[in-house]
Amino acid sequence: DNGGVHLNSTIASHAFYLAVAGGRNRVSGVSVPGVGVSNIERMERVFYRAFVFLLGPSAQFSDARAATIQAATDLYGSTSAAVRALTQAWTAVGVN
């Protein structure tokens, strides 16, 4: 497991990992360039904003995808590298 059990043990954390570090999802074969480990704090802000403020208790994975993309748009703009990486990462883990 190249990412380690703590980095990509769930669907959401694997999407996070791919959005940051990039890589190829072994199941889908989809590759994600990622924003780079030097930008991990930007992605942490995105996931925090999305999971704390934008998701409700009955949220599904598709809601998490939409919320993280919305949070990245709010924080960094709709054409940002964060939005592109998240869109690709969620697709790579099979969440559309």
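Residues count as buried under 20% relative accessible area and as exposed over 50%, with partly exposed in between. That scale does a lot of the work in what follows, where a predicted model is described. Phe 51, at a relative accessible area of 39%, falls between the two cut-offs and is therefore partly exposed. Phe 47 comes out at 11%, so it is buried.

These two residues also go together as a ring pair. Phe 47 and Phe 51 are stacked, with 5.6 Å from centre to centre and 25° between the planes. Both sit in helix H2, and because they are four residues apart there, about one helical turn separates them. The search of the whole structure turns up four aromatic pairs. As for wider groupings, Phe 47 and Phe 51 join Phe 16 and Trp 90 in one aromatic cluster.

Phe 47 has plenty going on beyond its stacking partner. With neighbours within four places in sequence set aside, its contacts are Ala 12, Phe 16, Thr 68, Leu 86 and Trp 90. Phe 47 also turns up in the largest nonpolar core, a set of 26 residues. Within that core, Phe 47 is listed with Met 43, Val 46, Leu 86 and Trp 90 as the residues with the most contacts. Helices H1 (11-21), H2 (40-54), H3 (61-76) and H4 (81-92) are the elements that each give two or more residues to the core. H4 is the biggest contributor, with seven residues. As a general point, nonpolar side chains in soluble globular proteins tend to be buried together.

Helix H2 has another side to its story, though. Tyr 48 belongs to this helix, and so does Phe 53. Tyr 48 has 54% relative accessibility and so counts as exposed, being over the 50% cut-off. Phe 53 reaches 60%, which puts this residue in the exposed class too. Together with Val 52 and Leu 54, Tyr 48 and Phe 53 make a nonpolar surface patch of about 440 Å².

What about the ring geometry out here? In general, a pair of aromatic rings is described by the distance of the centres and the angle of the planes. For Tyr 48 and Phe 53, the centres are 6.1 Å apart and the planes are at 80°, so this pair is edge-to-face. Both of its members are exposed, whereas the stacked pair combines buried Phe 47 with partly exposed Phe 51.

One last distance concerns Phe 53 and Ser 38. They are 15 residues apart along the chain, and 25 Å separates their C-alpha atoms.

Notes
Residues are numbered from 1 along each chain as its sequence is written. This is a predicted model: local features need pLDDT of at least 70, side-chain atom pairs count only at pLDDT 80 or more; totals for chains, interfaces and linings use all residues. Side-chain values use heavy atoms; hydrogens and water are left out. A nonpolar core is a set of buried Ala, Val, Leu, Ile, Met, Phe, Trp, Tyr and Cys residues joined through side-chain atoms within 4.5 Å. Buried means under 20% relative accessible area, exposed over 50%, partly exposed in between (1.4 Å probe, protein chains only). Contact means heavy atoms within 4.5 Å. Patches are made of residues with over 30% relative accessible area and no salt bridge: like charges are joined within 9 Å, nonpolar side chains (Val, Leu, Ile, Met, Phe, Trp, Tyr) within 5 Å. Accessible areas come from the Shrake-Rupley method with a 1.4 Å probe; for residues, only the protein chains shown count as cover. A salt bridge is a side-chain nitrogen of Lys or Arg within 4 Å of a carboxyl oxygen of Asp or Glu. Rings of Phe, Tyr and Trp (its six-membered ring) pair if their centres lie within 6.5 Å; planes under 30 degrees apart count as stacked, over 60 as edge-to-face and the rest as tilted.
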